[in-house]
Amino acid sequence: MNDVAVRLSGIGRRFGAVRALDGLDLTIERGSVVALLGPNGAGKTTAVSIMLGLTSPGTGTVTVFGQTPAAAVRAGRVGAMMQDAGVVPVATVREVVELARSLYPDPLPLDRLLHTAGLTDLAGRRWDRLSGGEAQRVRFGFALAGAPELLVLDEPTTAMDVAARDLFWETVHSYAADGHTVLFSTHQLHEADRFADRIVVLAAGRLVADGSPAEIRALAGGRTVAFDRDGTPADDLAGLPGVRSVEIRGDRVVLTTDDADTTDAALAGRGFRGLEVTGSLDAAFKSLTTGKDD
Amino acid sequence: MMYAYLRFESRRLIRDPRLLLFSVLGPVVTYVIFSGWSSGDRLEGLDPAVAVMIGLAGYGAVAGVLMVGATVSQERAAGWLRQLRVTPLPASRVVTVKALLASVSAFPPVIAVGLAARIQHDVALSAGRWAVLLTLMWAGTVPFALLGLAMGYGLTPQIAQPANFLVFLVLAVLGGLLAPAAYFPEALQRLAHALPTYRYAELGWSTAAGQAPPTAGLLILVAWSVVFGLVAAWAYRRSAGRG
């Protein structure tokens with residue numbers, strides 16, 4: 001029991017006629033970084049809301065560190081960054097994170113918190129005058145302020161640019177390395193793939209796959225990108241990101257790749273016709289979440 | 001914990017220029033311009049300079065109290081209240097702080113209009129009477145704080161602001177806070193006497209006249225508080241259920 005952070009058993013939840021979750025069983029071990037992956041409407045936010053005690057499950061039971069979610073939240077063991085949250089005027093970044101610190105029994109020191117969340121240079125600025133990505137970092141700082149044992153991040157990187165994302169995940173990882181549990185939801189497979197120890201795939205309110213990133217990727221099988229060469233030279237194709245081998249079949253080129261999506265992106269704009277991607281992570285994801293290959 | 005939240009929210013409130021504009025500057029300017037007009041008559045058994053002072057102080061107080069309650073609507077829409085619900089701060093404390101801040105925003109207008117009356121018309125009440133006046137004008141905000149919270153929790157931000165303004169204007173005008181109800185036709189006068197705004201100002205008028213507020217007025221304020229309290233509780237539960 002002690003090594004379990006979150007346990008969902010047989011969770012079902014309806015909103016009117018919509019079945020958001022349908023018999024979800026999920027156990028999250030302490031110290032793990034778990035991605036909750038699924039397309040929009042898969043039930044990720046509902047699952048997160050139930051773990052946080054914001055939404056009551058229609059059926060089934062949920063515990064966080066063996067307590068009810070509300071009790072765990074009340075005890076300061078949980079920190080969360082909610083999806084689509086905005087900002088309120090008029091407060092400075094420092095005031096917002098100071099508020100969060102003062103609400104938790106054992107908060108991170110202010111300087112360290114500001115540094116960790118990348119807010120040191122923004123501390124005196126007004127929260128409602130920051131860019132989307134910066135404001136998001138403030139909300140990350142808010143979630144992190146209490147040094148919670150469980151950090152829940154619902155679609156955390158939507159407003160961030162690439163550099164901010166990398167920094168963000170680096171921070172999340174070092175936080176998890178200290179034995180904290182991190183659960184994040186995303187609809188981007190590559191994010192789950194790169195940053196989680198374990199990926200839980202949800203579709204239509206059900207768990208459809210659960211495993212390490214390698215295991216989830218293996219479900220995809222081989223990955224190729226094929227297209228018509230139209231006489232264009234193909235000498236540099238082997239150097240494209242992700243490409244393992246280049247095979248030329250007449251005018252048709254078939255690339256075998258570790259990362260079909262990246263390879264595909266690198267080919268974009270070069271005017272190749274008849275582009276066909278098979279077994280990409282996205283395709284695997286699609287087949288997992290819709291139950292059919294395409 | 002609650003103290004930190006109270007401090008945070010107070011700071012935000014003080015920086016909101018709308019509050020100062022509508023609840024303090026508005027009534028003070030109105031007082032300075034219009035308080036000289038009706039001299040001669042006695043209003044609510046008082047010198048007009050005093051009666052109008054209390055009416056406009058009440059006007060500013062009700063404006064401020066309702067406005068603070070209605071800001072909850074924006075905070076809800078921005079996900080801020082949801083964010084607070086995943087911290088150890090109990091949801092009941094959030095409501096308590098909001099209600100407290102709303103009611104406290106009655107003080108600045110009462111004090112500011114009081115000062116204007118003192119400077120312009122030499123209105124002088126004893127310190128003891130001022131203390132009672134401030135206390136009653138604060139305690140009497142309860143129905144308006146509840147009404148503001150009901151709108152804040154019950155309405156979307158697009159609707160909450162205009163609704164707040166409309167409700168405020170109707171209650172303030174018909175309650176005789178701007179133009180004295182004594183000048184109203186009889187039917188409107190009877191309506192005014194049933195409204196919480198009139199009965200709220202009556203707390204001040206009685207105090208300034210050195211009397212205890214009439215029981216009928218207190219009962220009407222209590223009745224409105226119960227009604228608004230029930231609506232606020234319903235709106236709050238509904239918004240919490242939605243997450």
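Before you start clicking, one term: two residues are in contact when they have heavy atoms within 4.5 Å of each other. Keep in mind, too, that this is a predicted model.

**Stop 1: a covered helix**

Select residues 93-103 of chain A, which form helix α3. How many of its eleven residues are buried? Eight of them are, so the helix counts as mostly covered, with buried meaning under 20% relative accessible area. Colour A:Val93, A:Glu95, A:Val96, A:Val97, A:Leu99, A:Ala100, A:Arg101 and A:Leu103 to see the buried ones.

Now, what covers them? From chain A, the cover includes α4 (110-116) and α5 (132-144). Chain B joins in as well, and its part of the cover includes α1 (2-14) and α4 (80-85).

**Stop 2: all of chain A**

Zoom out until chain A fills your screen. You should find ten helices and 13 strands. Along the principal axes, the C-alpha atoms of chain A fill a box of roughly 70 × 45 × 35 Å. Of the 294 residues in this chain, 51% are buried. The accessible surface of chain A is about 12,700 Å², and carbon and sulfur atoms own 49% of that.

Try showing the charges next. Chain A has 30 positive and 38 negative ones, and the mean positions of the two sets are 5 Å apart.

**Stop 3: the aromatic rings**

There are 13 aromatic pairs in the structure, counted over all chains. Pick out A:Trp169 and A:Phe195. Why is this pair called stacked? The ring centres are 4.7 Å apart and the planes are at 10 degrees, so the pair is stacked. The two partners belong to distant parts of the chain: A:Trp169 is in helix α6 (residues 162-177) of chain A, while A:Phe195 is in helix α7 (residues 189-195), 26 residues apart. Both A:Trp169 and A:Phe195 are buried.

Keep those two selected and add A:Phe140, A:Phe168 and A:Phe184. Ring pairs link these five residues into a cluster.

**Stop 4: the nonpolar cores**

Here is some background for this stop: in soluble globular proteins, nonpolar side chains tend to be buried together. The largest nonpolar core here has 119 residues. Which of them touch the most other members? That would be B:Tyr31 and B:Met53. Helix α3 of chain B (residues 48-77) gives the most to this core, with 17 residues.

Centre your view on B:Tyr31. Leaving out neighbours within four places in sequence, its contacts include B:Ala49, B:Val52, B:Met53 and B:Leu56. Further along the chain, B:Tyr31 also meets residues including B:Val113, B:Ala116, B:Ala117 and B:His121.

Another core, of 32 residues, lies apart from the 119-residue one. To find this other core, select A:Leu26, A:Val34, A:Val48 and A:Leu202, which are among its members.

**Stop 5: two buried residues**

Go to A:Ser49, in helix α1 (residues 44-51) of chain A. Is A:Ser49 buried or exposed? Its relative accessible area is 3%, so A:Ser49 is buried. Not counting residues up to four places away in sequence, A:Ser49 touches A:Leu54 and A:Thr55, plus B:Arg82 from chain B.

Finish at B:Arg199, in helix α11 (residues 196-208) of chain B. B:Arg199 is buried too, with a relative accessible area of 12%. Setting aside neighbours within four places in sequence, show B:His193, B:Gly217, B:Ile220 and B:Leu221 to see what B:Arg199 contacts.

Terms used
Residues numbered from 1 in each chain as written. Chains lettered and ligands numbered in written order. Predicted model: local features only at pLDDT ≥ 70, side-chain atom pairs only at ≥ 80, totals over all residues. Heavy atoms only, no water. Core = buried A, V, L, I, M, F, W, Y, C linked by side-chain atoms within 4.5 Å. Buried < 20%, exposed > 50% of the residue type's maximum accessible area, 1.4 Å probe, protein only. Helix = DSSP H or I, 4+ residues; strand = E, 2+ residues; numbered from the N terminus. Phe/Tyr/Trp six-rings, centres within 6.5 Å; stacked < 30°, edge-to-face > 60°. Areas by Shrake-Rupley, 256 points an atom, 1.4 Å probe, with all protein chains shown as cover. Lys, Arg positive; Asp, Glu negative; His and termini not counted. Charge placed at Lys NZ, Arg CZ, Asp CG, Glu CD.
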